[in-house]
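The following exercises concern a single protein chain. Each task is followed by a solution worked in steps.

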Amino acid sequence: MYENNFPTKRYNLTLDFVKQHINKKEEILDLGVENPLSDVLKSSGFKVSNTKGEDLDLNYSSVQNSTAEVVTAFEIFEHLVSPFVVLKEIKAKKLIASVPLKLWFSSAYRSKTDMRDRHFHEFEDWQFDWLLDKAGWRIVSRKKWTNPTKKIGIRPILRYFTPRYYIIYAERK
């Protein structure tokens, strides 16, 4: 579907999940700046606008002022100190969000060159479910998938069997 240096498997699985739950006529606010995945959604016929790169731990205006029916957040919440507040402030009735799952055999991701590209949280599925419930969301559908690498070693082998990504579709309670 979407070929080049991008994570094709993750993008295709995410797109399939969105297609199962969202009508192409519904407007989507995607948390985070415009990115290859939001471009994939747009090229598939979805109406997507993005936030502008503001710090969502401190500035919720984009979610508070949005009239979109759906909010998507693909690998965003793990970067926030307090994703609870943003989840509470969303006015849309539908949410699709994905997060990387905590791996028992690997440390949380931390870029050595980009201070913003670090994971404050890596959730277990039950933790993310609980966070969504407390923020007023009811999970309707969920899916997990693995993220194998082409490296050699014990951890790369474990990545073939251990889910790395978790995606949910939720509706406001």
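Contact means heavy atoms within 4.5 Å. The exercises below refer to a predicted model.

**Exercise 1. Overall composition**

Determine how many helices and strands the protein chain has, and in which pattern they follow one another.

Solution.
Step 1. The protein chain holds six helices and six strands.
Step 2. Along the sequence, these elements follow the pattern α-β-α-β-α-β-α-β-α-β-α-β.
Step 3. Of the 173 residues in the protein chain, 46% are buried.
Step 4. The surface that the protein chain exposes amounts to about 9700 Å², and 53% of this area is supplied by carbon and sulfur atoms.
Step 5. Among contacts between residues at least 6 apart in sequence, 64% join residues at least 24 apart.

**Exercise 2. The setting of helix H1**

Establish how far helix H1 reaches, and which elements cover its buried residues.

Solution.
Step 1. Helix H1 comprises residues 8-21, that is, 14 residues. From its first C-alpha to its last, H1 reaches 20 Å, close to the 20 Å expected at 1.5 Å a residue.
Step 2. A residue counts as buried when its relative accessible area is under 20%. By this criterion 10 of the 14 residues of H1 are buried, so the helix is largely enclosed by the rest of the structure.
Step 3. The buried residues include Tyr 11, Leu 13, Leu 15, Phe 17 and Val 18, but also Arg 10 and His 21.
Step 4. The cover over the buried residues of H1 includes helix H2 (36-43) together with S3, S4, S5 and S6.

**Exercise 3. The nonpolar cores**

Identify the residues with the most contacts inside the largest nonpolar core, and then describe the surroundings of Leu 95 and Ile 168.

Solution.
Step 1. The largest nonpolar core has 28 residues, and those with the most contacts inside it are Leu 31, Phe 77, Leu 87, Leu 95, Phe 128 and Ile 168.
Step 2. Two or more residues of this core come from each of strand S3 (70-74), helix H4 (83-89), S4, H5, strand S5 (137-145) and S6.
Step 3. A second, separate core has 19 residues, among them Leu 15, Val 18, Val 48 and Phe 74.
Step 4. Leu 95 belongs to strand S4 and is buried, with a relative accessible area of 0%. Apart from neighbours within four places in sequence, Leu 95 is in contact with Val 71, Leu 87, Ile 90, Leu 132, Trp 137, Ile 168, Tyr 169 and Ala 170.
Step 5. Ile 168 in turn touches residues that include Phe 17, Leu 95, Phe 128, Leu 132 and Ile 139, with residues up to four places away in sequence not counted.
Step 6. Leu 95 and Leu 29 lie 66 residues apart in sequence, and their C-alpha atoms are 9.6 Å apart in space.

**Exercise 4. Salt bridges**

State how many salt bridges a search of the whole structure finds, and examine which parts of the chain individual pairs link.

Solution.
Step 1. Side chains of opposite charge can pair when their charged atoms come close. The search of the whole structure finds eight salt bridges.
Step 2. One of them joins Arg 164 and Glu 122, with the closest N and O atoms 3.3 Å apart. Arg 164 lies in the loop between helix H6 (154-159) and strand S6 (165-172), and Glu 122 in the loop between strand S4 (94-100) and helix H5 (125-134), so the pair ties together parts that are 42 residues apart in sequence.
Step 3. Arg 164 is buried at 11% relative accessibility, and Glu 122 is buried at 11% as well.
Step 4. Lys 173 and Asp 133 form a salt bridge with an N to O distance of 2.4 Å. This pair links distant parts of the chain, 40 residues apart: Lys 173 is in the segment after S6 and Asp 133 is in helix H5.
Step 5. Lys 173 is exposed at 58% relative accessibility, while Asp 133 is partly exposed at 40%.
Step 6. A salt bridge also joins Lys 42 and Glu 34 (3.4 Å, N to O). Lys 42 is partly exposed, with a relative accessible area of 30%.

**Exercise 5. Two local features**

Find which residues make the nonpolar surface patch of about 380 Å², and describe the backbone and setting of Glu 75.

Solution.
Step 1. The patch is made by Ile 157, Tyr 160 and Phe 161. Of these residues, Ile 157 is found in helix H6.
Step 2. Glu 75 is not a glycine, yet its phi is positive, at about 55°.
Step 3. Glu 75 is located in the loop between S3 and H4 and is buried, with a relative accessible area of 13%.

Key. Residues are numbered from 1 along each chain as its sequence is written. This is a predicted model: local features need pLDDT of at least 70, side-chain atom pairs count only at pLDDT 80 or more; totals for chains, interfaces and linings use all residues. Side-chain values use heavy atoms; hydrogens and water are left out. A salt bridge is a side-chain nitrogen of Lys or Arg within 4 Å of a carboxyl oxygen of Asp or Glu. Buried means under 20% relative accessible area, exposed over 50%, partly exposed in between (1.4 Å probe, protein chains only). Helices (H or I, at least four residues) and strands (E, at least two) are DSSP runs, numbered from the N terminus. Patches are made of residues with over 30% relative accessible area and no salt bridge: like charges are joined within 9 Å, nonpolar side chains (Val, Leu, Ile, Met, Phe, Trp, Tyr) within 5 Å. Accessible areas come from the Shrake-Rupley method with a 1.4 Å probe; for residues, only the protein chains shown count as cover. A nonpolar core is a set of buried Ala, Val, Leu, Ile, Met, Phe, Trp, Tyr and Cys residues joined through side-chain atoms within 4.5 Å. The expected span of a helix is 1.5 Å times one less than its number of residues.
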